[in-house]
Amino acid sequence: MASYAVSAYGNFLNLIALSLFTYEVVGSAFGIGVVMALRLFSGMLAGLGAGALTTALGRRTVMVGADVAQALAMALLAVSARDPSLTLLLGAVIVLGAGNTLFTVALRSAVPVLVGHDGRSRANGLLVAGRSAATVLGYGSAAAVIASGGYALAFAVNSASFVVSAVVVLVLRPRTDAEGATDEGPPTESAPGRRKTGARLGLAGIPALLAAALLLRGTDAFASSSHNVALPIVAGLESPDNPALFMTQFWVAWAVGALLSHQVLKRFQPAKAYGERAFALGTAAMAVFFVLVFTGLPAPALILVALAAGIADGCTEIVYVSRLQAAPERERSRLFGMSASAETAGFTLGMIAAAAALEGFPVLAVVAAFHGTALCGALALLAFAAARRRGAAMPPGRDTRGPGSKTPLTAEAEGDGHDARTGAGPLPGS
């Protein structure tokens with residue numbers, strides 16, 4: 001967990017350094033957009049193959065390989081920072097995009113093996129807390145690092161963070177893969193005499209309710225791109241003399257909220273209730289809070305709303321990741337790979353669409369429209385989960401079509417082992 005935080009710190013430091021360095025190399029905002037899109041696109045492609053790669057090589061091997069590749073890419077950039085090469089820059093961003101996705105998929109899918117299914121929510125909370133702390137430290141120290149040693153030092157620090165992460169994994173040699181893929185996930189309660197027919201009604205053989213959650217995650221990434229694009233614009237309007245202060249207030253408050261999310265979740269949402277409904281509620285709350293950020297609130301209110309957005313964001317991630325980790329061992333990496341691709345694709349499309357929309361529409365209207373899609377998706381998932389729960393709870397013989405008949409929703413709920421209390425259920429093959 002600590003090595004992940006160190007690596008994340010280097011990544012967030014590098015987000016600022018690499019953006020400024022890219023502008024120096026390409027000389028235009030359009031060029032920066034192309035380079036960012038290339039990084040995101042490589043991450044999306046890596047997500048599609050992450051499941052097969054981790055199965056073939058093992059999660060620990062993939063994690064170390066991703067760290068080593070990214071460390072080499074950043075080391076080369078550090079050496080050539082004084083005489084930048086566009087070709088080297090493009091190669092580095094491809095490696096960074098793919099490497100980050102592969103490492104994240106391998107780590108998240110390995111958590112149930114590392115700590116057991118009972119400890120996965122706590123482990124996910126620690127990962128969110130570590131990433132949030134890294135966000136503050138990485139963004140906060142970027143200016144000082146670049147000022148003292150230029151881009152070369154920033155890239156070298158990022159390279160060193162990947163080396164630390166790889167060395168920790170190599171030295172500790174954590175068990176990241178279940179022997180013989182025997183880990184079938186935590187037990188879930190299913191209907192008596194469940195049938196296998198109808199179990200695979202979702203996307204790519206995934207139960208329909210879980211497939212809907214994956215789609216909502218991609219939609220949320222699409223929506224989140226709007227506030228990432230809009231924040232610098234609002235910062236310049238709200239605080240023209242010191243726009244960095246506005247950005248700092250928002251991101252620090254958000255990061256503190258994310259740090260607190262695990263404690264909040266433990267108090268109000270027991271781990272056994274982590275499922276699609278909890279994920280949808282968190283996504284809806286997060287969408288509302290992010291829209292409120294752009295309503296012209298005074299600084300104290302802005303900080304409180306950003307704090308609430310961070311709590312909702314952290315809680316949503318913990319619930320979502322924990323739900324995917326409940327899948328059987330042989331399906332888990334594929335699920336996380338699909339999720340990474342959906343998130344990256346949504347964020348990429350959102351960045352392009354939000355930038356275009358902000359050219360002709362007010363910031364609040366754009367952010368509200370984008371996050372409105374996530375809110376509608378969350379409400380749709382809640383309605384779908386409620387319908388599944390009603391179908392699963394309907395006793396045999398009470399259907400108006402005749403004694404003993406079942407509705408399609410009932411058959412599907414019984415077929416995939418859906419737990420009406422938690423919204424969770426085993427994936428096909430369990």
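Okay, let's start with L172, which is found in helix α5, and that helix covers residues 120-172. Keep in mind that what we're looking at is a predicted model. So is L172 buried or exposed? It's exposed, because its relative accessible area is 62%, and the cut-off for calling a residue exposed is over 50%. L172 also has company: together with V163, V167, L170 and V171, L172 makes a nonpolar surface patch of about 470 Å².

Now let's go from greasy to charged. Side chains of opposite charge can pair when their charged atoms come close. How many salt bridges does the structure hold? The count is 7, and I'll walk you through some of them.

Find E317 first. E317 forms a salt bridge with R108, and the closest N and O atoms there are 2.6 Å apart. Where do these two sit? E317 is in helix α9, residues 299-325, while R108 is in helix α4, residues 86-115, so this pair ties together parts of the chain that are 209 residues apart in sequence.

E317 has another partner, too. The side chains of R131 and E317 meet in a salt bridge, at 2.8 Å from N to O. R131 lies in helix α5 and E317 in helix α9, so here the pair ties together parts that are 186 residues apart in sequence. And remember, helix α5 is where we found L172 a minute ago.

What about burial? Anything under 20% relative accessible area counts as buried. E317 comes in at 7%, so E317 is buried. R108 has 15%, so R108 is buried as well. R131 is buried, just like E317. Compare that with L172 back at the start, which is exposed at 62%.

Last stop: helix α10, which runs over residues 329-357. Here E329 forms a salt bridge with R332, with the closest N and O atoms 3.0 Å apart. Why is this one a local affair? E329 and R332 are 3 residues apart in helix α10, so about one helical turn separates them. Are these two buried or exposed? E329 has a relative accessible area of 8%, so E329 is buried. R332 sits at 0% relative accessibility, so R332 counts as buried too.

One more thing before you zoom out. Which residues are linked in a network of salt bridges here? They are R59, E329 and R332. So when you go back to the structure, look for E329 with R332 in helix α10, then look for R59, which is linked with them in that network.

How values were computed:
Residues are numbered from 1 along each chain as its sequence is written. This is a predicted model: local features need pLDDT of at least 70, side-chain atom pairs count only at pLDDT 80 or more; totals for chains, interfaces and linings use all residues. Side-chain values use heavy atoms; hydrogens and water are left out. Patches are made of residues with over 30% relative accessible area and no salt bridge: like charges are joined within 9 Å, nonpolar side chains (Val, Leu, Ile, Met, Phe, Trp, Tyr) within 5 Å. Accessible areas come from the Shrake-Rupley method with a 1.4 Å probe; for residues, only the protein chains shown count as cover. A salt bridge is a side-chain nitrogen of Lys or Arg within 4 Å of a carboxyl oxygen of Asp or Glu. Helices (H or I, at least four residues) and strands (E, at least two) are DSSP runs, numbered from the N terminus. Buried means under 20% relative accessible area, exposed over 50%, partly exposed in between (1.4 Å probe, protein chains only).
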